[in-house]
Amino acid sequence: MAEFIMESCGVNEKGDLTIAGVDTVALAKEYGTPLMVFDENKIRSVCRVYKKALEENFGEGSIPCFASKALSFKGIYRIIAEEGLGSDAVSAGEIYTAKAAGFDISKMVFHGNNKTDADIRYAMELGIGRFVVDGAEELEAVNAIAAELGIKQKIQLRITPGIDPHTHKAIVTGSVDSKFGNAIKTGQAEKITRLALAKENIELMGFHCHIGSQIFEIDPFVEAAEVMIAFIADIKNKTGFEAKELNLGGGFGVRYVKEHPSFDYAGAIATLAEKMKASAKRCGIVLPRIMLEPGRSLVADAGLTLYTVGSVKEIPDLKNYVSVDGGMADNPRYALYQSQYEIHVANKAGEKEDYVCSVAGRCCESGDLIAENIKICKPERGDILAVLVTGAYNYSMASNYNRLTRPPIVMIKDGKPYLAIKRETFEDLTRNEI
């Protein structure tokens, strides 16, 4: 029996790939391709791992907030709410989507290095829980708009701790040279903290940091946390202000291929708590309420994408190309990051995988690839290709490039599939055009 990177996957008696016990070939036939499919129960189980680990190790009130840039649509906010998580947003559009789903906006934090005045006002009017303020200009705008609305807005300040997590340079966010936040090393973090404390319409709750994504070691998170605790203690000694909240962001790694290591989320949180409690004691502060912002790790390996093979092009002594009916329009991650994937021919899931090829998309771009030099069983036109672990940053980064319509999302709960997002139509492509 084949082994898959996703624990939700298996092979049925027909030899077809399954997800959450449902035949993917049958799903492709019913809903068409490209098609994104999610195991809802898997998402819920990881939510519970995070929530339990934070409560057990940091105490009641410490909470995971789903980083919804990884996957933002109404259905995911309903799931997150039912599991008792908060959420974060990086745009007014994400806030609007959460609100449309009935999500409690007071349990949401608003990120972004360049929030417009309109963004700020919209979020305040809906009762946003926290702004993660990125710079002095934003701080002034938040204070001014809060004054206009007659409220005192709770915020966290984004701090860059200067940590190199040894991840892809495009997803490193915690170094001094970053568009995000205020560096401790340069003195900017202390400066903006003093500025925030002087604002009449702002209530500074604490600090936020995020060091990057796809990190498989706990040490960089521990190092960042210890830097932040030392900063909190330093600010307390200098100003008398002691942070009530510390938001450590996200970044725990996800296995996309078997070469990637496993990451024990609950174990990592326990280790982090142990180190942070000792650090807080040494620094003479009360450990603040802890928040984490898992995104990718909640949804990535709950999802896969199904495509239909269009052609198999063999260039003698050079390369084989398998072309599918999707590509960079629904999955730009390979073009951006050279992201690795495990791929299978879904209707031949039990067969030997010894055909070396590159998987190409249908866009009119030579760089429209999903994988290069991988081994799958030899496909032919009409076969269904399954790309695993596409639950994060695929649908949320999808576009209409080449005027392609974005795919639907089917969720599977307790063995029963349901349509969560409809496939876009040609009419949708021109809906806003005059």
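**Entry 1: nonpolar cores**

I began with the largest nonpolar core, which holds 129 residues; the members that touch the most others are I76, F131, I155, F207, I343 and L388. I then looked up which element supplies the largest share of this core, and I found helix 8, residues 219-239, with ten residues. I noted a second, separate core of five residues, with I63, C65, V109 and M291 among them. For context, I recall that nonpolar side chains tend to be buried together in soluble globular proteins. I record here that the model is predicted.

I took I155 as a case to follow. Setting aside neighbours within four places in sequence, I listed its contacts as R130, F131, V133, L139, V142, A196, I202, E203, L204, M205 and G206. I note that F131, one of these contacts, is also named with I155 among the core members that touch the most others.

**Entry 2: the chain as a whole**

I counted twelve helices and 21 strands in the protein chain. I checked the radius of gyration next: it is 23 Å, close to the 22 Å that the globule rule gives for 434 residues, so the chain is as compact as a globular protein of that length. I read the extent of the C-alpha trace along its principal axes as about 70 × 55 × 40 Å.

I looked up burial and found that 56% of the 434 residues are buried. For the surface, I noted an exposed area of about 18800 Å², of which carbon and sulfur atoms supply 48%. I also examined contacts between residues at least 6 apart in sequence, and 69% of them join residues at least 24 apart.

**Entry 3: strands 5, 6 and 7**

I turned to strand 6, residues 86-89, and asked which way its residues point. G86 and D88 point one way, S87 and A89 point the other way, and all are buried.

On one pairing, I found strand 5 (residues 63-67) joined to strand 6 in the parallel sense over three bridges. Within this pairing, F66 stands opposite S87 of strand 6. I traced the connection: the chain leaves strand 5, passes through helix 3 (residues 74-82) and reaches strand 6 in a right-handed β-α-β crossover.

I then examined strand 7, residues 108-110, which runs parallel to strand 6 and is joined to it by three bridges. I identified F110 in strand 7 as the bridge partner of A89. Here the chain passes from strand 6 through helix 4 (residues 92-100) to strand 7, and I recorded this β-α-β crossover as right-handed.

I compared these strands with the residues of the second core: I63 and C65 belong to that core and fall in the range of strand 5, residues 63-67. V109, also in that core, falls within strand 7, residues 108-110.

**Entry 4: backbone details**

I found a cis peptide bond from T33 to P34, with omega near -10 degrees. I placed P34 in the loop between helix 1 (24-31) and strand 4 (35-39).

I then looked up positive phi values at residues that are not glycine. Q338 has a phi of about 55 degrees and sits in the loop between helix 11 (333-337) and strand 16 (343-345). D414 has a phi of about 50 degrees and lies in the loop between strand 20 (409-413) and strand 21 (416-421).

Are these two residues buried or exposed? I found Q338 partly exposed, with a relative accessible area of 48%. D414 counts as exposed, because its relative accessibility is 57% and the cut-off for exposed is over 50%.

Key
Residues are numbered from 1 along each chain as its sequence is written. This is a predicted model: local features need pLDDT of at least 70, side-chain atom pairs count only at pLDDT 80 or more; totals for chains, interfaces and linings use all residues. Side-chain values use heavy atoms; hydrogens and water are left out. Buried means under 20% relative accessible area, exposed over 50%, partly exposed in between (1.4 Å probe, protein chains only). Helices (H or I, at least four residues) and strands (E, at least two) are DSSP runs, numbered from the N terminus. Two strands pair if DSSP finds at least two bridges between them. A crossover is right-handed if, with the strands pointing away from the viewer, the path from the first strand over the helix to the second runs clockwise. The radius of gyration is taken over C-alpha atoms; the globule rule is 2.2 Å times the number of residues to the power 0.38. Contact means heavy atoms within 4.5 Å. Accessible areas come from the Shrake-Rupley method with a 1.4 Å probe; for residues, only the protein chains shown count as cover. A nonpolar core is a set of buried Ala, Val, Leu, Ile, Met, Phe, Trp, Tyr and Cys residues joined through side-chain atoms within 4.5 Å.
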